[in-house]
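Me: Could you walk me through one part of this structure in some detail? I'd like to see how it sits among its neighbours.

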Amino acid sequence: MAYQMVCVQCGAKHDSSRYRLHCESCGGLLDTLYDTPATVEARVVSGAKGTARYLPTLPLNDPANLVTMGEGDTPVVPLPRVGQALGLSDVSAKMEYFNPTGSFKDRGNTIQVSVLKDTGVTEVADATGGNAGHSFAAYCARAGIKFHGFVNDANADSRKVHAIALHGTQVHWVGPGRAARNDGARKYAEDSGILQMNYGQNIYFIEGLKTLAYEIAEQMDPLPDHIIVPIGNGSIYQGMWKGFKEMLEDGRVKRMPKLHGAQTEETQPVVAAFEGRDWTPQPGDPKSKANGIGVQVTPRPAALLQGAKDSGGRFVAVSEDKILEWQRALAELEGIIVEPTSAIVLGAAEKLKEAGVIRGADRVLLPLTGFGVKEPIPGY
Ligand SMILES: [Zn+2]
């Protein structure tokens with residue numbers, strides 16, 4: 001099974017023999033186009049916990065270039081006391097922070113770093129500093145790829161940045177402001193002739209997130225009625241949407257769960273687009289503790305809106321108070337600590353319940369995306 005890259009704007013097709021981020025004709029972002037219907041059968045291996053584990057997903061020229069360290073195969077854990085607090089009888093978590101570097105990002109990075117290795121890339125630059133950067137640095141270390149990470153000097157005390165450095169990343173301090181990271185990485189990449197990753201935008205990362213949908217279909221019978229995820233770039237949402245679409249096409253599942261997305265009230269471009277409102281970001285960097293989803297310009301908004309249309313899902317904004325309240329409730333009621341970016345899905349569940357979108361007996365799955373003690377606990 002081979003695949004091509006197809007432009008989401010103009011439809012131009014490109015071969016997949018090298019790493020590609022943009023269309024050569026119009027500069028648009030790319031999607032995958034499989035020569036034959038996508039199927040994961042060849043990629044199933046036995047998981048450590050007895051479930052099938054779906055090795056991710058794009059075909060490589062040389063299978064030996066797969067860069068993996070046991071990502072996926074995360075358990076589904078009931079949340080009865082949180083469910084009671086929400087007025088819901090069937091709420092579970094998928095423990096995505098059990099992945100090797102403590103977040104779901106490993107599902108995407110196993111794919112995109114494998115493609116880098118498979119296409120002969122040996123040195124890359126990018127803005128970094130969060131879970132995605134930590135995960136990317138780890139997979140680059142494993143692949144022997146030199147990573148230049150551009151870090152905002154405001155993140156100097158971040159454990160995620162410390163971890164990025166420990167993996168052998170060449171850390172470049174820039175600042176102030178998040179934009180300085182992107183500007184620094186772009187200039188360095190241009191000057192030195194190396195690749196700028198932009199891992200928030202590329203389709204390889206999203207392809208890796210499809211494994212989440214495949215695992216859910218295997219672990220949960222019946223399927224959840226609702227799945228709620230945080231939305232920054234929207235990669236986890238798009239990965240699930242693509243995964244469930246493939247399984248609908250090949251008959252593996254009969255329906256798609258309603259896929260909902262949560263954003264902060266401060267940074268809600270996708271919620272606004274979904275509701276048909278204009279939205280303008282405040283100047284400067286977002287202040288929310290849910291710092292993993294402070295993405296003011298969504299790279300693939302059309303795909304997110306299509307995912308909501310296909311699945312019957314919604315996008316909702318959650319207040320800062322509710323995010324922190326639910327982070328604490330999850331810790332107190334269920335013994336689980338996640339970062340605010342992840343706890344937002346509980347606040348979204350509450351809103352969707354109040355709106356009558358989620359009913360009391362519905363089956364609800366909350367992927368918990370990021371480990372809670374990589375960064376300071378709010379209030380301490
Ligand atoms: Zn194009």
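Which residue takes a positive phi just after α3, and what is the angle?

Reply: Happy to! The residue is Gly 144, which follows directly after α3 and has a positive phi of about 75°. Please keep in mind that this is a predicted model. Let me build outward from that glycine.

The helix before Gly 144 is α3, residues 131-143. Its length is easy to check: at 1.5 Å a residue its 13 residues should span 18 Å, and the end C-alpha atoms are indeed 18 Å apart, so expectation and model agree.

Next, its surroundings. Of the 13 residues in α3, 10 are buried, so the helix is mostly covered, where buried means that 20 or more other C-beta atoms lie within 10 Å of a residue's own. The buried set begins with Asn 131, Ala 132, Gly 133, His 134 and Ser 135. It continues through Phe 136, Ala 137, Ala 138, Tyr 139 and Cys 140. As a general point, an α-helix has 3.6 residues a turn, so residues three or four places apart point the same way.

What do those buried residues pack against? Their partners are α2 (105-118), β9 (146-152) and α4 (159-166).

Take α2 to begin with. This helix has 14 residues and reaches 20 Å between its first and last C-alpha atoms, close to the 20 Å expected at 1.5 Å a residue. All of it is covered: 14 of the 14 residues are buried, so α2 is largely enclosed by the rest of the structure. A glycine with positive phi turns up here too, since Gly 120, just after α2, has a value of about 80°.

The strand partner, β9, leads into a sheet. Four strands make up this open sheet, ordered β10-β9-β8-β11, with parallel pairing. Its edges are β10 (170-174) and β11 (195-196), each of which pairs on one side only. Between β9 and β10 the parallel pairing runs over five bridges, and Phe 150 stands opposite His 172 in β10.

Finally, the wider setting. The chain comes to 11 helices and 15 strands, and its C-alpha atoms fill a box of roughly 55 × 50 × 40 Å along the principal axes. For 380 residues, a compact globule would have a radius of gyration near 21 Å, and the chain's 20 Å agrees with that. Across the chain, 49% of the residues count as buried. Among contacts between residues at least 6 apart in sequence, 71% join residues at least 24 apart.

Terms used: Residues numbered from 1 in each chain as written. Predicted model: local features only at pLDDT ≥ 70, side-chain atom pairs only at ≥ 80, totals over all residues. Helix = DSSP H or I, 4+ residues; strand = E, 2+ residues; numbered from the N terminus. Expected span 1.5 Å × (residues − 1). Buried ≥ 20, exposed ≤ 12 C-beta atoms within 10 Å, placed from the backbone. Contact = placed C-beta atoms within 7 Å. Pairing = 2+ DSSP bridges. Rg over C-alpha atoms; globule rule 2.2 N^0.38 Å.
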